[in-house]
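Subject: Structure handover

Hello,

Here is the structure I said I would pass on. Please open it alongside this message and read the notes below with it on screen.

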Amino acid sequence: TISVMPIDFKVIQISAGGIQEEMDEWAAEAKSLIQDFLKLELSGRNIQLNFINETSLKSTHYDEWFSQKGLYQAIAASALDHGFKGMSGFEDKINHFDYTFGKDIQFLAEAAPADAILFIQGFDTCRTTGKFWIDAFVQGATGVPIFYYNPLNMGLVDSKTGDLLWFKSNNILQNVDFR
């Protein structure tokens with residue numbers, strides 16, 4: 001059994017003037033698609049998913065969820081920086097991928113009884129038409145490619161020990177529209 005924490009995902013639209021605006025409706029659509037994809041991918045396997053309602057979680061276990069969500073963000077950043085081959089990868093972390101939340105995860109597990117807890121976080125950047133054409137002009141004039149990051153990562157945590165059992169991140173430079 002896996003309890004899926006509320007998906008922490010934002011969609012940011014960038015205007016021609018560089019103004020960034022969070023698009024709540026687009027984020028809700030992306031979260032729904034991610035949730036549907038999880039259900040589809042794990043159907044037919046011996047895995048039961050329990051999607052935790054954010055409103056309910058905030059009213060009963062807000063402090064536990066907020067602190068563990070923050071800890072996940074720190075662990076995910078460290079895993080991305082050091083647990084994979086690259087300029088800042090640590091050979092020990094690559095060979096022995098061991099990250100933990102510690103036993104405090106058990107307080108959150110009370111709100112979401114399961115064998116494991118799944119955290120999902122990320123964001124998507126979308127450009128307005130004006131921003132697209134400005135970027136195209138600048139890229140054509142300079143020859144320097146312009147990238148927008150679209151990270152999505154997932155971490156599965158043992159609800160008893162707090163050990164990170166599995167971690168997956170997408171290629172943040174691929175052109176993805178999570179909507």
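What follows is a short account of the strands, the aromatic pairs, the salt bridges and a few single residues.

Please keep in mind throughout that this is a predicted model.

Strand E5 and its partners

Strand E5 covers residues 116–127. E5 is mostly covered, with 10 of its 12 residues buried. Three other strands are described here as pairing with E5, beginning with strand E1.

Strand E1 (residues 2–4) pairs with E5 in the parallel sense, over three bridges. Within E5, Leu118 is the residue that stands opposite Val4. Strand E2 (residues 8–14) also runs parallel to E5, and seven bridges join the two. Asp8 has Gln121 in E5 as its bridge partner. Strand E6 (residues 152–158) runs antiparallel to E5, again with seven bridges between them. Gln121 appears here too: its bridge partner in E6 is Asn153. Gln121 is therefore a convenient residue to start from on screen, with Asp8 as a bridge partner and Asn153 as another.

Aromatic pairs

The count of aromatic pairs comes to five. One of them joins Phe101 and Phe119: the ring centres are 5.5 Å apart and the planes lie at 15°, so this pair is stacked. Phe101 sits in the loop between helix H3 (91–95) and helix H4 (105–109), while Phe119 belongs to strand E5, so the pair ties together parts that are 18 residues apart in sequence. Phe101 is buried, at 6% relative accessible area, and Phe119 is buried as well, at 4%.

Another pair is Phe132 with Trp133, which is edge-to-face, with 5.1 Å from centre to centre and 85° between the planes. Phe132 has a relative accessibility of 38%, so Phe132 counts as partly exposed. Trp133 reaches 57% and therefore counts as exposed.

Phe101 and Phe119 also belong to a cluster: ring pairs link them with Tyr72.

Salt bridges

There are four salt bridges by the count used here. In one of them the side chains of Lys58 and Glu54 meet, at 3.4 Å from N to O. Lys58 and Glu54 are four residues apart in helix H2, so about one helical turn separates them. Lys58 is partly exposed at 40% relative accessibility, and Glu54 is partly exposed at 29%.

Asp135 takes part in two that can be looked at together. The side chain of Asp135 meets that of Arg127 in a salt bridge of 3.1 Å, N to O. Asp135 also forms a salt bridge with Lys131, at 3.3 Å, N to O. Arg127, Lys131 and Asp135 are thus linked in a network of salt bridges. Asp135 and Lys131 both lie in helix H5, four residues and about one turn of the helix apart.

How covered are the members of this network? Asp135 counts as buried, at 4% relative accessibility. Lys131 also counts as buried, at 14%. Arg127 is partly exposed, with a relative accessible area of 35%.

A nonpolar patch

Helix H5 (residues 129–142) also holds Ile134. Ile134, Phe137 and Val138 make a nonpolar surface patch of about 280 Å². Ile134 has a relative accessibility of 38% and so counts as partly exposed.

His61

The last residue in these notes is His61, which lies in helix H2 (residues 54–82). Is His61 buried or exposed? With a relative accessible area of 16%, His61 is under the 20% limit and is therefore buried. Which residues does His61 touch, leaving aside its neighbours within four places in sequence? His61 is in contact with Phe107, Glu110 and Ala111.

Regards

Definitions and conventions. Residues numbered from 1 in each chain as written. Predicted model: local features only at pLDDT ≥ 70, side-chain atom pairs only at ≥ 80, totals over all residues. Heavy atoms only, no water. Patch = residues over 30% accessible without salt bridge, like charges linked within 9 Å, V, L, I, M, F, W, Y side chains within 5 Å. Areas by Shrake-Rupley, 256 points an atom, 1.4 Å probe, with all protein chains shown as cover. Buried < 20%, exposed > 50% of the residue type's maximum accessible area, 1.4 Å probe, protein only. Phe/Tyr/Trp six-rings, centres within 6.5 Å; stacked < 30°, edge-to-face > 60°. Contact = heavy atoms within 4.5 Å. Pairing = 2+ DSSP bridges.
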